[in-house]
Amino acid sequence: MNKKLPFVLDEHYTPNPKPTLLLHSCCAPCSSSVIEMLREHFRITVLYYNPNIFPESEYIKRCEEQRLFCQSFSSPDNPIAFVAADYRSDEFEKIAKGKEHLREGGDRCIACYALRLGEAARYAAQNGFDYFTTTLSVSPLKDAARLNAIGEKLAKTYEIKYLTSDFKKQNGYKRSCELSKQYGMYRQDFCGCKYSLAERILSAKGFVFDADGTLFDTMGFYETFASEYVRSLGFEPAPDLREQIRSFTIRECCELLKSTYSVSKTTEEIYDEISRMIANLYAKDAPFKAGVLEFLRYAKSKGIKMCIATATDKNHIEAALAACNAEDMFEFVLTCSDVGVSKRESVIYDESAKRLGLEKRDVVVFEDAHHAIVTAKAANYRVVAVREETELKFADVIEANSDIYVETMTQLIQK
Ligand code: SF4
């Protein structure tokens, strides 16, 4: 490596005219200081090829950030061209197969570097570039020696020069932090793939869980209880009754049943009867969803503080926890009634974080309902969306507003 440069200008390098360089970039923040260092030596084209990024919305976000940075850092003397590949996540899945459980820095990452550098070498050779390299070594978590070994091997295969580098040297990483701040860039806090995202989630200090549909398998009951109750009184329920009451409290639901179906009982009597049905459900028929207990045990063993934030009555949740022998898992149960507002506002999450003694950034919210997911995300919480049959029609909203959408929580700890 040249004394004052974190990259090697080899014996073939000539400054006039500047040679062309295809610079593979993992993200705009990492590329910033690298482009700043290289632009006086090379005519740079940035290649954004990162099929490892998960989910696609994150890929699009990082890609757009990269495009904007190239545009704003470009000048007539030092133009920065930009090329983006389509999102081809299957290419990453193929090389990650069998290595899903490995920690960041292991063999999955080496294969991930090779995939991305391989595409950079192929593209550079096919398009007549003089050199190729990658921004990856700017990260303190990336092993420059391994990256360079991969790059040099590819250089031989594609008969193109590889720019040997360790861009974290000469304060490269520090400078990338300064520049990303200066340019107001989006700076992600996980490496990129779904496995690194799961690692990031599991490094949280606190988990806030919704109850129904997230922890407990109770949503089937809520889909049908009002119709069944109406039928038990001898009336035919409206086909869209479930939709009418979807965001209602139980009391609001009882008021609607009373006013719609000419029920001879008072609202209070309806409320008592439905409350008994619900109490019975939680005491006897509210099991944990698949994988929940295993996940809770894992989180507990890691010292992650956990609580429940729910719209359901506290007594019911406590009864269900007792039936599942899981009372000791949680620090507390907080309800929408306790905080005075529904999950259309983030108060219940903010109060949960506060009672756990944690900052928002250290807390992950687990939810199944799209409206609650939207609220938590808008309030800048990291959100794990848990698949629930009754919410599938909102899958697009859920995908767009969660960090990760899982079938079961055990997906996060799969070995
Ligand atoms: S942790 Fe980062 S380098 Fe490793 S496989 Fe995932 S995205 Fe690639």
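What follows walks through a predicted model of a protein chain with a ligand, from overall layout to single residues. Residues are counted from 1 along each chain, in the order its sequence is written. Because the model is predicted, local features need pLDDT of at least 70 and side-chain atom pairs count only at pLDDT 80 or more, while totals for chains, interfaces and linings use all residues.

Starting with the big picture, the C-alpha trace of the protein chain spans about 95 × 40 × 35 Å along its principal axes. The chain holds 17 helices and 11 strands; these are DSSP runs numbered from the N terminus, with helices being H or I of at least four residues and strands being E of at least two. Of the 415 residues, 42% count as buried (20 or more other C-beta atoms within 10 Å of the residue's own; 12 or fewer makes it exposed, anything in between partly exposed, with C-beta atoms placed from the backbone). As for contacts (C-beta atoms, placed from the backbone, within 7 Å), 66% of those with a separation of 6 or more link residues 24 or more positions apart. The domain assignment splits the chain into domain 1 (20-185), domain 2 (201-217 + 288-413) and domain 3 (219-284), with bounds that come from an automatic or database assignment. Between domain 1 and domain 2, the C-alpha centres are 36 Å apart.

Next comes the sheet. Five strands make up an open, parallel sheet in the order E3-E2-E1-E4-E5, where pairing takes at least two DSSP bridges between two strands. At the edges sit E3 (80-84) and E5 (161-162), each paired on one side only. E2 (residues 43-48) runs parallel to E3 and is joined to it by five bridges, and Thr45 stands opposite Ala81 in E3. Helix H2 (residues 56-73) lies across E2 and E3, at about 165° to E3 (axes are lines fitted to C-alpha atoms, for helices over the stretch in contact, and angles run from 0 to 180 degrees between N-to-C directions). In the loop between E2 and H2 sits Pro55, and the peptide bond from Phe54 to Pro55 is cis, with omega near -10°. Another cis bond joins Asn16 and Pro17, with omega about -10°; Pro17 is in the segment before strand E1 (20-24).

Then there is the ligand. Residues around the ligand (C-beta atom, placed from the backbone, within 6 Å of it) include Asn52, Glu104, Arg108, Cys109, Cys112, Cys191, Cys193 and Tyr195. Helix H4 (107-126) and helix H7 (194-202) each give two or more residues to this shell, and H4 gives the most, with three. The buried residues of H7 include Lys194, Tyr195 and Leu197, and H4 is among the elements that cover the buried residues of H7, along with strands E9 (363-367), E10 (382-386) and E11 (404-406).

A few single residues round things off. Glu91, in helix H3 (residues 89-96), is partly exposed because it has 17 other C-beta atoms within 10 Å. Not counting residues up to four places away in sequence, Glu91 touches Pro51 and Leu115. Asn171, in the loop between E5 and helix H6 (172-182), has a positive phi near 60° despite not being glycine, and counts as exposed because it has 12 C-beta neighbours inside 10 Å. Asn380, in the loop between helix H16 (370-378) and E10, also has a positive phi, about 70°.

Definitions and conventions:
Two residues are in contact if their C-beta atoms, placed from the backbone, lie within 7 Å.
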